[in-house]
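Student: I would be grateful for a close look at a single part of this model, namely its salt bridges, with some account of the surroundings in which they sit.

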Amino acid sequence: MRAARLIKMVLLLQSRPSMTAAELATELEVSERTITRDAQALSEAGVPVYADRGRAGGYRLIGGYRTRLTGLARSEAEALFLSGVPGALREMGLEDAASAARLKVSAALLPSLRDASKTAGQRFHLDAPNWFTEPKAPELLPAVADAVWDDRRVVARYRSGDGEVERELEPYGLVLKAGVWYLCARVAEQGAYRVYRIDRFTAVDAGEERFSRDEEFDLPAFWEERAEQFARSILRAEVVVRLSPEGVRRLPYVVDPVSARDALSLAGAPDDGGWLTVTLPVESEKVAHTQLTALGPEVEVLAPEALRARFIGDAVRMAGLYGT
């Protein structure tokens with residue numbers, strides 16, 4: 001533990017002109033007294049750490065010292081490519097590996113380029129979850145992520161319906177969609193690829209047995225195909241509606257984009273008032289009522305009659321609230 005901290009301290013000093021004891025203590029999550037002892041240990045080991053006294057003092061390396069301990073470990077290199085997704089790194093247990101990787105890269109850069117990570121971090125940031133949600137990282141996510149990195153088979157139990165199911169899986173990849181983590185895996189006994197929500201796993205046992213990855217497997221393409229299949233699979237009903245030009249523009253924002261795209265692509269020409277009649281695939285009449293309500297007066301439901309009656313009832317109630 002201390003050896004790793006000493007290496008990180010050297011890398012920090014190598015990447016910056018100087019650092020105060022307080023700054024080092026914050027970065028390394030130790031006390032300033034520990035920093036003093038670590039600096040002395042490094043000096044005794046032959047690392048030229050120099051302490052500047054006074055208010056503006058701090059620690060620095062002298063004599064152009066350069067450590068050769070900048071080689072990236074596999075986990076650090078892999079984590080570095082995800083460093084633009086800090087929340088995902090943290091949830092998968094890779095935050096420390098990414099931090100170490102960034103330090104090593106910074107230490108290997110020319111002095112004029114050492115602020116690259118800071119300038120990039122101040123200009124680009126990815127916030128994956130939807131608005132108005134507080135996603136919670138699944139407890140078993142780090143264990144699943146470890147198995148994905150190492151191509152290790154897992155025996156997983158997950159909630160399905162009213163019970164639990166156990167499967168031996170070959171974990172191929174993780175997907176973070178709107179703040180929800182999914183595992184794309186091949187079921188060992190079936191040879192078929194499936195998608196599982198990580199938060200539905202109740203137990204994950206990762207052994208030492210590794211599987212041979214299919215090099216033809218393309219995670220982004222697989223996810224795109226399965227996501228569209230899922231979206232279509234839940235669209236089990238249809239409603240017929242008239243949309244104003246504004247309603248046409250807003251439709252993809254209130255219903256599933258796949259549903260909106262299919263409906264608009266098959267629609268005929270608008271009427272003289274610019275209104276367009278479409279047959280819209282929906283999950284259910286209840287869901288359609290919730291979604292289409294967001295369009296307000298930019299939509300008229302024509303069928304089924306029961307759904308149209310619900311909107312008529314809504315209109316009567318609205319008129320009662322706001323007056324005729």
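Tutor: A salt bridge is a side-chain nitrogen of Lys or Arg within 4 Å of a carboxyl oxygen of Asp or Glu. The model before you is predicted, and the structure holds 18 salt bridges under that definition.

Let us begin with glutamate 166 and arginine 157. Their side chains meet in a salt bridge, with a distance of 3.4 Å from N to O. That value lies within the 4 Å cut-off, so the pair counts as a salt bridge. Glutamate 166 has a relative accessible area of 46% and is partly exposed. Arginine 157 is also partly exposed, at 30% relative accessibility.

A further pair consists of arginine 60 and aspartate 52, whose closest N and O atoms are 2.9 Å apart. Arginine 60 has 29% relative accessibility and therefore counts as partly exposed. Aspartate 52, at 26%, is likewise partly exposed.

The pair formed by arginine 232 and aspartate 262 deserves particular attention. Here the closest N and O atoms are 2.3 Å apart. Arginine 232 belongs to helix 9, whereas aspartate 262 belongs to helix 11 (residues 257–265), so this salt bridge ties together parts that are 30 residues apart in sequence. Arginine 232 is partly exposed, with a relative accessible area of 37%, and aspartate 262 is partly exposed at 21%. Salt bridges can also share partners: in this way Arg153, Glu168, Glu170, Arg186 and Glu209 are joined into one network.

We may now follow each of the two helices of that pair to its surroundings. Helix 9 (219–233) is among the elements that each supply at least two residues to the lining of the second largest pocket; the others are strand 4 (163–177), strand 5 (180–187) and strand 6 (193–197). The volume of the second largest pocket is about 960 Å³. Its lining consists of 25 residues, and those closest to the centre are Tyr182, Val195, Trp223, Arg226 and Phe230. Helix 9 gives the most to this lining, with 8 residues. By type, the lining residues divide into 13 nonpolar, 3 polar and 9 charged.

Helix 11, for its part, is included in what covers the buried residues of helix 10, together with strand 8 (237–243), strand 9 (276–282) and helix 12 (285–293). The buried residues of helix 10 (residues 245–254) are Gly247, Leu251 and Val254. Viewed down the helix axis, they fall within an arc of 85°, so they line one face of helix 10. The face turned away from this buried side carries the exposed residues Pro245, Arg249 and Tyr253. A general rule helps in reading such a pattern: an α-helix has 3.6 residues a turn, so residues three or four places apart point the same way.

Helix 8 (residues 141–150) offers another example, for Leu141, Val144, Ala145, Ala147 and Val148 are buried there. These residues cover an arc of only 160° around the axis, which puts them on the same side of helix 8. Just after helix 8, aspartate 151 takes a positive phi of about 55°.

Notes. Residues are numbered from 1 along each chain as its sequence is written. This is a predicted model: local features need pLDDT of at least 70, side-chain atom pairs count only at pLDDT 80 or more; totals for chains, interfaces and linings use all residues. Side-chain values use heavy atoms; hydrogens and water are left out. On a 1 Å grid over the protein atoms alone, a cavity is a set of points where a 1.4 Å probe fits but cannot get out, and a pocket is an open set with protein on both sides within 12 Å along at least five of seven lines; lining residues have an atom within 4 Å of a point. Grid points are joined across faces, edges and corners, and a volume is the space filled by probe spheres set on the points. Helices (H or I, at least four residues) and strands (E, at least two) are DSSP runs, numbered from the N terminus. Ala, Val, Leu, Ile, Met, Phe, Trp, Tyr, Cys and Pro count as nonpolar, Asp, Glu, Lys and Arg as charged, and the others, Gly among them, as polar. Buried means under 20% relative accessible area, exposed over 50%, partly exposed in between (1.4 Å probe, protein chains only). The arc is that of the directions from the helix axis to the C-beta atoms. Contact means heavy atoms within 4.5 Å.
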